[in-house]
Each structure stands twice: as structure tokens, then as C-alpha cells.
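Ready for some practice in reading a protein structure? Work through each exercise with the model open beside you, and try each task before you look at its solution.

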Amino acid sequence: MARAIVYTEIGSPDVLHLTEVPDPLAGPGEIVVRIEAAGVNPIDAKIRGGRRPSPPITEPRPVGFDGAGVVDQVGDGVEGFAVGDRVAIRDAHGTYASALLVRPENLALLPDAVTAAEGAGIGIPAGTAYQVLRSLAVGPDDVLLVHAGSGAVGQAAVQFAVAWGATVIATASPSRHAQLRELGAIPVAYGDGLLERVRDAAPSDVTVVFDGAGTDEAIEVSLALVADRDRIGTIVRGPDAASFGIRAFSGGSPVPLTDEEQAWRAEALPKTIELLASGDFVIELGPELPLAEAARAHELVEAHVAGKIVLLP
Ligand SMILES: NC(=O)c1ccc[n+]([C@@H]2O[C@H](COP(=O)([O-])OP(=O)(O)OC[C@H]3O[C@@H](n4cnc5c(N)ncnc54)[C@H](OP(=O)(O)O)[C@@H]3O)[C@@H](O)[C@H]2O)c1
């Protein structure tokens with residue numbers, strides 16, 4: 001039997017429990033991955049806690065979109081993957097498990113230079129960062145403000161934008177500023193006086209904003225800095241972004257991602273793996289917990305603990 005984290009009701013982290021499930025079997029066009037690390041994302045906790053709408057739960061619901069592991073079975077007709085390959089997983093359904101059935105389009109090969117924990121930390125954070133920066137057409141002439149620059153998405157956004165030649169200002173707690181400087185950003189503390197601090201730190205006018213914080217402060221400061229609201233994007237304030245005239249990408253937005261945006265999110269997985277392997281990208285790792293401690297992992301992600309939290313089956 002395989003092991004998986006599931007829940008049967010919306011609620012606090014302790015609705016998550018470990019259960020045994022039948023070993024997955026790869027049918028045509030499918031792959032079974034033995035999971036070595038599952039990436040924990042804020043969205044996992046938001047869905048579990050009912051802070052993002054989800055369909056009624058009619059059977060035990062698996063958890064987790066991101067992961068990494070080793071190919072264990074390859075179904076008929078699958079090309080490009082073989083038993084024993086190390087892979088990273090994105091946009092899957094239930095990576096908090098010891099083994100999982102996935103489609104090959106949700107996998108990318110993982111070279112030895114990239115750890116399973118790093119591989120499990122790519123999917124949502126790097127995919128979101130890459131897509132939003134592409135949607136906002138961030139380039140070398142831009143001064144970009146990233147709210148929540150120290151988060152998993154924020155750090156990915158900082159690194160892509162710096163690599164694409166933009167000047168990047170990133171908000172974070174002071175204890176995270178050294179990390180952001182190393183990634184090439186100009187750090188500023190969020191909180192009272194943010195607008196003035198950003199104006200003082202920016203070498204010229206801010207031209208584009210990536211909001212990964214979703215606070216009223218982040219929205220107000222963004223509106224005060226950038227007149228062109230098409231160049232303010234949020235990944236958190238989807239439900240009310242339209243009332244400010246700004247753009248939202250998922251995060252509760254009623255407007256679905258376009259096919260092009262979905263494709264950018266997918267494309268980010270192999271691109272980020274390549275950058276990690278060459279030492280040109282960093283994923284800050286956080287606590288590693290056994291699979292059975294998924295509830296604790298959700299408490300930690302809800303407390304914004306530093307670094308990517310991973311579960312180890
Ligand atoms: N729409 C989408 O497709 C999408 C995709 C991925 C994530 N998201 C959402 O984006 C957000 C960030 O995700 P993540 O994975 O990067 O989370 P994370 O790694 O947990 O990081 C959260 C960050 O928020 C920062 N923060 C906390 N309070 C803040 C405040 N008042 N003002 C500004 N920043 C503050 C923290 O900074 P310090 O530690 O420096 O205090 C922390 O670095 C989450 O809400 C997540 O659900 C949306």
C-alpha cells in the first residue's frame with residue numbers, strides 16, 4: 001500500500017491525516033512517481049481551511065501540487081521518461097504521498113545537481129513568478145517593486161527579473177534583507193511609511209509591481225507609485241483586484257489564466273531546473289518534516305516560516 005495525506009472536511013490543519021491507499025498503477029500515458037519530497041504551498045492550506053473555494057468533498061481529498069521523486073512505472077505510450085529517472089512534479093493532484101500517478105506533461109527531469117527538496121520547491125513558486133513577470137512584460141527598462149519579496153514566489157520573481165535586467169525593489173522583514181540583497185534586489189521593510197521608503201530606495205520611478213502580499217498597504221502603495229494599472233499585478237487579491245483596475249493572476253480571481261499564461265507556468269519548471277543546475281538560481285529551503293506531520297507543515301506555512309517547507313514520505 002502507498003501512504004497519502006488526505007482530509008474529509010474543511011478545517012484547521014488537524015483535519016489532515018495519514019492514510020493507506022492502494023498502490024497506484026500506471027495506465028496508458030501515465031507515470032507513477034515514488035515521491036521523495038512534497039512542496040508545501042500556502043494554497044494547500046488555503047483550500048484546506050476554506051479560504052479558497054473548492055468543490056464539495058465527496059471522498060477523501062488528497063493534498064499538494066508540487067513534488068519530486070523517482071519514476072517507478074511508465075505506462076504504454078509515454079516517451080521521454082524511464083524507470084529510475086529523477087523528476088520534479090508540478091500541478092499534480094496529491095503530492096503529499098509516498099507514490100503518485102502523474103501525467104508526463106507535469107514532470108521534468110531533475111539532474112543530480114538539484115536536490116529533491118529543491119525540485120519540490122519549483123512548481124507553484126517559480127511557475128507563478130515567471131508567468132506574472134511575462135504577463136507584465138518586465139524587462140531591462142523596468143524598476144519593479146515586488147511585495148513579499150522574501151517569500152517563495154517573491155524570491156523567484158526577484159531572481160527572474162534581475163536576470164532579465166530589471167532593477168528590483170523587494171519588500172520583506174528586515175531579517176530577510178541580506179538574503180534579498182544577495183539575490184540582487186534592493187530590500188525595503190513593509191509596514192508604515194512603505195511608500196516613502198520605496199521612493200527613497202528606487203533609483204528612478206517604479207514602473208511595474210508584482211504583489212505577492214495582498215495587504216491593503218501593498219495595494220495602496222502600488223496604486224500611488226504606478227499610474228498604468230495594467231502594470232500592477234497581484235497573485236493574492238484576485239477577488240477584488242478589478243475594483244482597483246489592477247490585474248490578477250489566479251489567487252481567487254474570477255478571470256482564468258489564458259492558455260499562454262498556463263504555458264508560461266509549465267515552461268518555468270524545466271527552465272528553473274536548468275538555472276538551479278548551473279548555480280544561477282537559488283531556492284531557500286526551510287523545515288523538512290515527515291509526511292505524517294503535514295498538519296504541522298500547514299501551521300508553519302500559515303505562519304510564513306522562512307524557506308520552502310517540504311514533507312518527506
Ligand atoms: N495566484 C497564484 O497563482 C499564487 C501562486 C502562488 C502563491 N500565491 C499566493 O501568494 C502569496 C505568497 O506565496 P509564497 O509561496 O511566496 O508564500 P511564503 O513563501 O509563505 O511567503 C510569504 C511572504 O509574505 C511576507 N509577508 C508577511 N506579511 C507581510 C506583509 N504584511 N506585507 C508584505 N509581505 C508580508 C513574508 O515576508 P517576511 O518573512 O519577510 O516577513 C513572507 O516572505 C500567498 O498568499 C499565496 O497563497 C498565489
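## Exercise 1: Around the ligand

A polar side-chain atom of R176 lies 3.4 Å from an oxygen atom of the ligand. Keep in mind that this is a predicted model.

**Task.** Decide whether R176 makes a polar contact with the ligand, then find which backbone atoms lie close to a ligand oxygen atom.

**Solution.**
- Step 1: A polar contact needs N or O atoms within 3.5 Å. R176, with a polar side-chain atom 3.4 Å from a ligand oxygen, falls within that cut-off.
- Step 2: Turn to the backbone. For G151, a backbone N or O atom is 3.0 Å from an oxygen atom of the ligand. For A152, the corresponding distance is 2.9 Å.
- Step 3: Now look at the whole surroundings. The ligand is surrounded by 23 residues, and the closest are K46, S150, S173, Y190 and F249.

## Exercise 2: Classifying aromatic pairs

**Task.** Work out whether the pair Y130 and W164 is stacked or edge-to-face, and do likewise for F160 and W164.

**Solution.**
- Step 1: A pair of aromatic rings is described by two values, the distance of the centres and the angle of the planes.
- Step 2: The ring centres of Y130 and W164 are 5.7 Å apart; the planes meet at 75°, so this pair is edge-to-face.
- Step 3: Place these two in the chain. Y130 sits in helix α3 and W164 in the loop between α4 and β10, so that the pair links parts of the chain 34 residues apart.
- Step 4: For F160 and W164, the centres are 6.0 Å apart with 25° between the planes, and this pair is stacked.
- Step 5: Check the accessibility. Y130 is buried at 4% and F160 is buried at 3%, whereas W164 is partly exposed at 27%.
- Step 6: Put the rings together. One aromatic cluster is formed by Y130, F160, W164 and F281.

## Exercise 3: Finding the core

**Task.** Where does the largest nonpolar core lie with respect to domain 1 and domain 2?

**Solution.**
- Step 1: The largest nonpolar core holds 46 residues, and L144 and F210 have the most contacts inside it.
- Step 2: Elements giving two or more residues to this core include α3 (123-135), β9 (143-147) and β12 (208-211). The most comes from α4, with six residues.
- Step 3: Domain 1 (2-122 + 283-312) and domain 2 (125-248) both give residues to this core, so it lies between them.
- Step 4: Take a look at F210. Beyond its neighbours within four places in sequence, F210 is in contact with several residues, among them V132, L144, V153 and I235.

Methods. Residues are numbered from 1 along each chain as its sequence is written. This is a predicted model: local features need pLDDT of at least 70, side-chain atom pairs count only at pLDDT 80 or more; totals for chains, interfaces and linings use all residues. Side-chain values use heavy atoms; hydrogens and water are left out. A nonpolar core is a set of buried Ala, Val, Leu, Ile, Met, Phe, Trp, Tyr and Cys residues joined through side-chain atoms within 4.5 Å. Buried means under 20% relative accessible area, exposed over 50%, partly exposed in between (1.4 Å probe, protein chains only). Helices (H or I, at least four residues) and strands (E, at least two) are DSSP runs, numbered from the N terminus. Domain bounds come from an automatic or database domain assignment. Contact means heavy atoms within 4.5 Å. Rings of Phe, Tyr and Trp (its six-membered ring) pair if their centres lie within 6.5 Å; planes under 30 degrees apart count as stacked, over 60 as edge-to-face and the rest as tilted. A residue is near a molecule or strand if one of its heavy atoms lies within 4 Å of it. A polar contact is a pair of N or O atoms within 3.5 Å; within protein, one must be able to donate a hydrogen and the other to accept it, and residues adjacent in sequence count only if both atoms are side-chain atoms.
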